[in-house]
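Hi,

Here is the structure I promised to pass on to you. Have a look at it first, and then read on for what turned up in it.

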Amino acid sequence: MLVGRRAELLELGTFLAECASNKARTVILEAPVGCGKSELLEIVATNAAEKGAVVLRATAMRSESALPLGVMRQLMDSPSLPAEAGRRLRTLLDEDEATVDLNAADRTAPARAARMQKVCAALHEVVRTRLVLIGVDDLQHVDATSLQYLLYLSGRSRSTRLMMIFTETLHYQQGVPTYRTEFLRQPHVQRMRLHCLDRRATAELLTPALAEATLDYYFSVTGGNPLLLRALQEDHLLTPASTAQSEVADPVAGDAFAHAVLTCVDRSGPAAAEVADGLAILGEASTVEALSRLCELPRAEAVRGVRALRAAGLVDDLSFRHPAARAKVLDGMGPAHRRDLHHRAASLLHGDGAQASVIAPHLRAARSVDQPWGVQVLQDAAEEVLADDEVRLAIAYLELAHRCCADAQHCAAIRIRIAVLMRRRNPSGAEKIAEELLHALRLGRLAPRHCVPLVNLFLAHGRIEEANEVLEALRKRPAGALPLATVQVGAQLTYMAELCLPWTDSHPYGHGQDHETEAAQSPYTIDGQVRPNGLPWRIHIASDGDDPIVAAEEMLRRSVLTDSTIEPIMTTMLLLSERGVERARHWCELFMKEANHRDASGWYALFAGLRAEIAMQQGNLEDAETFTQAGLSRLPERTGSVLAGGLIATRVLAQTFMGKYEAAARTLNQPVSKSLFRSGYGLLYLRARGRYNLATNRPQAALGDILAMGQMARNWQADHPTWVPWRGDMAEALLQLGKRDKAERLVTDQLSRTRETDTRIRGISLRLLGTVAQPNTRLSLLNRAVGQLQIAGDRLELARALYDLSKAHRQRGDGAQAAAASRRAWQLAQECGAEPLCARLRLESDKQVWDSRPDKPAVRTDEANLSDSEKRVAVLAACGYSNRDISTRLYITVSTVEQHLTQVYRKLKIGGRQQLPVDLQFEVGEIV
């Protein structure tokens, strides 16, 4: 039994019984493709044959619709037809074909009428003794001559035992539509229509155990079409067990479903097939009018095609029920036909005023633009889809626009935009485009108006050499060329600009001077040639009286991460990291999360590099290594961009301070971009390699890298120790070579170039100066270094300063102070993972220094509310001074010292002097 067709079977059975009583019936069984009309006919024919009826079956085919008498010959060749009657009928058909000019429109030809009368008489002889069932599938494809015979038989057999059942695809355009009308005019002709299954019948057809949610899915995807339902079920059953979805999950729409979709489309008629193509092409932009114009069909035909597809369960309203159905229809088109439809759809939608993002997919699918408006539409669409962070799609639109654009300078503008967008995911690809445009500039093929964006593009990647080459070319242009003031320097160069033009009231050029004048007044030399400053644009986030940290955070709070704001955001965070490293870390992590959420791996790598630098500033070596690896893992070409070189450099620096020398060597052996050493990231790479050589006792090799770094910094006017502390690194190399005087001069010079607010670099410089200073000033310098580094929050550099301080105390014979400094240095070095420093401390200090550390107090010093007097006593006690020594230094009695210490122990919730916080030991400079 067919599911959901019980009523129709009962009615056909009734008709068959009536025919046995000489009451002929003709039934036209209409149904959409796949809804079981052929199966229903087969069941009725089988039942009739079991009851002794003569069953004559034929299936009309579209390919044989022009073959005269094709269906009639199939009927007369049926094996159940009595042999003698069969021979006679076939002979009559042969005579008709041989002697009569078969003209489908000539229904009154005497010869034809005579033949049909003889065929009818011959068949009636069979009907007199037995019930005869004629079943013809797909009446819409029956040839015209056979239709004449069938219509004649139906009209001349009303009081006979002849039953005729014709199946027909619903809404299919008839080849000879008048015949169908004449069939239906006869009183004994019955029309029966089948539809797709309802939800209850769908549940009956499918596995009974299917969950309710899955049943809803099956029904919504197929519209209840049995052919589609069985195909979807087959795909689900054929899915491998390892990947099979559960019964409550959406079934898999695979090959069987796709094939069933194409079958439904193909057999629903030419109009339906053309409309299906149109729906697949237009997608959500589909309307009946648009389909009519796109497919070049009369509106009535377009409506007929839509009805046929809806009846078959393929579409709901004007969209396919399942994406796989649309995809399969698209795949089923010939490539040339598909591209032609996309071209026509683009023109149609553009004429209707559709959005660029609606038109552009058709131009992309067509793979070319043949209209003058096409390039601009693609550009507009790229900007529209960027609102949803569809970067890949935007780039695809722009690449097509570039390929189809005939104007060379317009092409250059498109190429620059592509490079800007590529920074989000593929910095290396963006650099290659910039190099391509620079080559065009050298050949004189790039207009002046593209020079400024090209400068910004190079500076965004920190490629200062190339940026200055473009700037120099721009300066050589006539007076009407674009002013340098329009150049917006990228993050890498912007922070370098702030180094040589510090963020203070003593701005070298004054805040009122225009940037073009600034650039013109500051030439510098590279390879003996005077070149433009290259630093015409700066961010001033702090005005007079404003807290720079508050101002920077307010700027970041108002900023939305886009291609145009990425540089100001990076610059602000770089500058913020020198004033408030904790806040910089907070903002960096926020923007990393946003970049990750928006799948902007290039931006993520950029922020990861900054986050790693912040970790280095705080002495978090493991974090620095982790973040650089995270950044590198997001880059498609891990060694193809200067950004990758910068990440590698920070990683090497972290590995060197952690004592991972083999890992650092392997990292340094990785290839880097050829342009790295012409970029700001090259400074970082040279410093990392120099520090590695210093750590592995190769001071001469280190000097080469450090000197190169210093020369580059001077050439680019970026010679400020906050970002390029090459003098301090060179001093360490000279100290390894025993050249103390030169080292002292370099460190003194570096210290003179630092601002009071640059506590980290001042602390590092003071430590280095303390190591080369005379014994009478060494202790003071090292204490000042410790104080500065405590403020800066750099635990690694603080540990190094404490290590030097412990040696200075030991040289003066102050064992208690030396032990205190060593103990704190050991603790910090361990926290940072600085194994080489830990090793030196183990080698040079008493083992008890790090094996007998006091327990951490229950209350932090800054939370204990110590009075000033109590704090002064606690600081000296933590530094190893006896109660009598404290009383002498502070001019109080021993009893008062004891009373203060008792209060300190109570407030800090500790048991005695040995548990005093280590941090107190290094505030002695404020007390003494």
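Leu133 has Met163 as its bridge partner in β4. That contact belongs to the pairing of strand β3 (residues 132-137) with β4, a parallel arrangement held by five bridges. Strand β1 (residues 25-31) also runs parallel to β4, and here seven bridges join the two. Within that pairing, Leu29 stands opposite Thr167 of β4. Please keep in mind throughout that this is a predicted model.

Is β4 itself enclosed or open? Strand β4 (residues 162-169) has eight of its eight residues buried, so the rest of the structure largely encloses it. Leu162, Met164, Phe166 and Glu168 point one way from the strand, while Met163, Ile165, Thr167 and Thr169 point the other way, and all of them are buried.

On to the nonpolar cores. The largest one has 106 residues, and those with the most contacts inside it are Leu556, Met573, Phe591, Phe607, Leu621 and Ile706. A second core, separate from that one, has 97 residues, among them Tyr218, Leu229, Leu348 and Ala382. If you would like a place to start looking in the largest core, try Leu556. Setting aside neighbours within four places in sequence, Leu556 is in contact with Ile569, Thr572, Met573, Leu576, Trp587 and Phe591.

Phe591 comes up again among the aromatic rings. How many aromatic pairs does a search of the whole structure find? There are four. One of them is Phe591 with Phe607, which is stacked, with 5.5 Å from centre to centre and 15 degrees between the planes. This pair links distant parts of the chain, since Phe591 is in helix α28 (residues 581-597) and Phe607 is in helix α29 (residues 601-618), 16 residues apart. Both Phe591 and Phe607 are buried. Together with Trp587, the two rings form one aromatic cluster.

Two arginines are also placed over tyrosine rings. The charged end of Arg634 sits over the ring of Tyr604, 4.0 Å from its centre. Arg840 lies over the face of Tyr803, and there the distance to the ring centre is 5.4 Å.

Now for the salt bridges, of which a search of the whole structure finds 58. Here are three of them that you can look up directly:

- Glu18 and Arg25 form a salt bridge, with 3.1 Å between the closest N and O atoms. Glu18 counts as partly exposed because its relative accessibility is 22%, whereas Arg25 is buried at 14%.
- Arg88 and Glu125 meet through their side chains at 3.0 Å, N to O. Arg88 lies in helix α4 (residues 83-99) and Glu125 in helix α5 (residues 110-127), so this salt bridge ties together parts that are 37 residues apart in sequence. Both partners are partly exposed, Arg88 with a relative accessible area of 37% and Glu125 with 44%.
- Asp389 and Arg424 form a salt bridge whose closest N and O atoms are 3.2 Å apart. Asp389 lies in the loop between α18 (374-386) and α19 (391-404), and Arg424 in the loop between α20 (408-422) and α21 (427-442), so the pair ties together parts that are 35 residues apart in sequence. Asp389 counts as partly exposed at 24% relative accessibility, but Arg424 is buried at 4%.

Salt bridges that share partners also build a network, which joins Arg687, Arg691, Asp729, Glu732, Arg767, Glu797, Arg800 and Asp804.

That brings me to helix α35 (residues 726-736), which is mostly covered, with nine of its eleven residues buried. Asp729 and Glu732 are among those buried residues, as are Trp726, Arg727, Gly728, Met730, Ala731, Ala733 and Leu734. What do the buried residues of α35 pack against? Their neighbours are α33 (680-695), α34 (699-715), α36 (740-752), α37 (759-772) and α39 (795-811). Just after α35, Gly738 takes a positive phi of about 80 degrees.

Happy browsing, and do write back with any questions!

Best wishes

Technical notes. Residues are numbered from 1 along each chain as its sequence is written. This is a predicted model: local features need pLDDT of at least 70, side-chain atom pairs count only at pLDDT 80 or more; totals for chains, interfaces and linings use all residues. Side-chain values use heavy atoms; hydrogens and water are left out. Rings of Phe, Tyr and Trp (its six-membered ring) pair if their centres lie within 6.5 Å; planes under 30 degrees apart count as stacked, over 60 as edge-to-face and the rest as tilted. Helices (H or I, at least four residues) and strands (E, at least two) are DSSP runs, numbered from the N terminus. Buried means under 20% relative accessible area, exposed over 50%, partly exposed in between (1.4 Å probe, protein chains only). A charge sits over a ring if NZ of Lys or CZ of Arg is within 6 Å of the ring centre and within 35 degrees of the ring normal. A salt bridge is a side-chain nitrogen of Lys or Arg within 4 Å of a carboxyl oxygen of Asp or Glu. Contact means heavy atoms within 4.5 Å. A nonpolar core is a set of buried Ala, Val, Leu, Ile, Met, Phe, Trp, Tyr and Cys residues joined through side-chain atoms within 4.5 Å. Two strands pair if DSSP finds at least two bridges between them.
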